[in-house]
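Welcome! Here is a short tour of a protein with its ligand. Have the viewer open as you read along.

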Amino acid sequence: MNNMVIFGAPGAGKGTHASILAERYDLYHLSTGDRLRQEVASGSPLGKEIQAIMNRGELVDDDTVTKIVNKAIIEDPRGIIFDGFPRTVRQAVVLDLLLQIYHQRLNCVVRIDVPRDELVRRIHERAVISGRHDDTDDAIINRRLDEYENKTFPVIDYYRQNGVLLTVDAAGSIEETRDRIAAAVAGKMTVPMK
Ligand code: AMP
C-alpha cells in the first residue's frame, strides 16, 4: 500500500495537488482541515472549540487531530494522501507510529514550496470561492503563516532525516507544479500513475 504526505504552507496548493495525486494513484485524500470544518459544521461542543481556534489562525491540538487521522486510516482500505497533516513534529512522530501499527509506511513527503508573498496572494484569491473566514482576514492569514513557520517548518527536517522528503518548486502554474510533482514522485510509488 502507498501512503504519502503533501506538505506546504497555507495557500501553497496542497488541496489541489492532493486531489490530483489521489486520482492518479487511487489514494484516499484525507484533509484534516476539511475534517475539522465538518466537525465545526456539526455544531458539536468540540466543533465550537475548534472553530474558535481556527478563527484565531492557530493550530488545533495534536490529540484532536490525531484521533481524526486514526479514524480515517481505519475507515478507508486504500493508501492515504495526507493533506494538512502532520503540522507539528509530534504529529509526524504519531503518524509514523500509526502507520507502523497498521504495518504500513510513508513512500514520500512532497513539499510544495511557495514564497510568502505569493502565498498571501493565493489565499486572497481562494477566499472569493472558499468563503473561509480564515482566508479573508489579514491578521488571521499572517497568524497562520507564522504558525507554519514556527511549528510546522521543523517537520521538514524530521522528514529530511528520514530520507523521504521531496521538495518541489510550486511558485508556477498548477500544471507546471503538477508535472514537477509527477516527476519527483514517480520512482517512490509501488504502482504506476494512472
Ligand atoms: P487547512 O484547511 O489545511 O488550511 O487547515 C485550516 C485550519 O485547520 C488550520 O489553520 C488549523 O487551525 C486547522 N488544522 C488543519 N489541520 C491541522 C493539523 N494537522 N494540526 C492542527 N491544526 C490543523
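## Where the ligand sits

A molecule counts as sitting in a pocket if more than half of its atoms lie within 2 Å of the pocket's grid points. In this predicted model, the ligand sits in the largest pocket.

## The shell around the ligand

How many residues surround the ligand? There are 15, and the closest are Thr32, Arg37, Glu58, Gly84 and Arg87. Sorted by character, the shell holds six nonpolar, four polar and five charged residues.

If you are colouring by secondary structure, look for helix α2, which spans residues 32-42. Four residues of the shell come from α2, and that is the largest share.

## Polar contacts and cover

Let's turn to the atom pairs. Thr32 places a polar side-chain atom 2.8 Å from a nitrogen atom of the ligand. With Glu58, a backbone N or O atom is the partner, 2.6 Å from an oxygen atom of the ligand. Val60 also takes part through its backbone: one of its polar backbone atoms is 3.0 Å from a ligand nitrogen atom.

On its own, the ligand has 490 Å² of accessible area, and the protein covers 96% of that.

## A look at Leu27

Now for a loop residue. Leu27 is found in the loop between α1 (14-25) and β2 (28-31). Is Leu27 buried or exposed? Its relative accessibility is 5%, so Leu27 counts as buried, the cut-off being under 20%.

For a sense of distance, try Leu27 and Asp61: they are 34 residues apart along the chain, and 26 Å separates their C-alpha atoms.

How values were computed
Residues numbered from 1 in each chain as written. Predicted model: local features only at pLDDT ≥ 70, side-chain atom pairs only at ≥ 80, totals over all residues. Heavy atoms only, no water. Near = heavy atom within 4 Å. Polar contact = N/O pair within 3.5 Å; in protein donor to acceptor, adjacent residues only side chain to side chain. Areas by Shrake-Rupley, 256 points an atom, 1.4 Å probe, with all protein chains shown as cover. 1 Å grid on protein atoms, 1.4 Å probe; cavity = no way out; pocket = protein on both sides within 12 Å on 5 of 7 lines; lining within 4 Å. Helix = DSSP H or I, 4+ residues; strand = E, 2+ residues; numbered from the N terminus. Nonpolar A, V, L, I, M, F, W, Y, C, P; charged D, E, K, R; others polar. Buried < 20%, exposed > 50% of the residue type's maximum accessible area, 1.4 Å probe, protein only.
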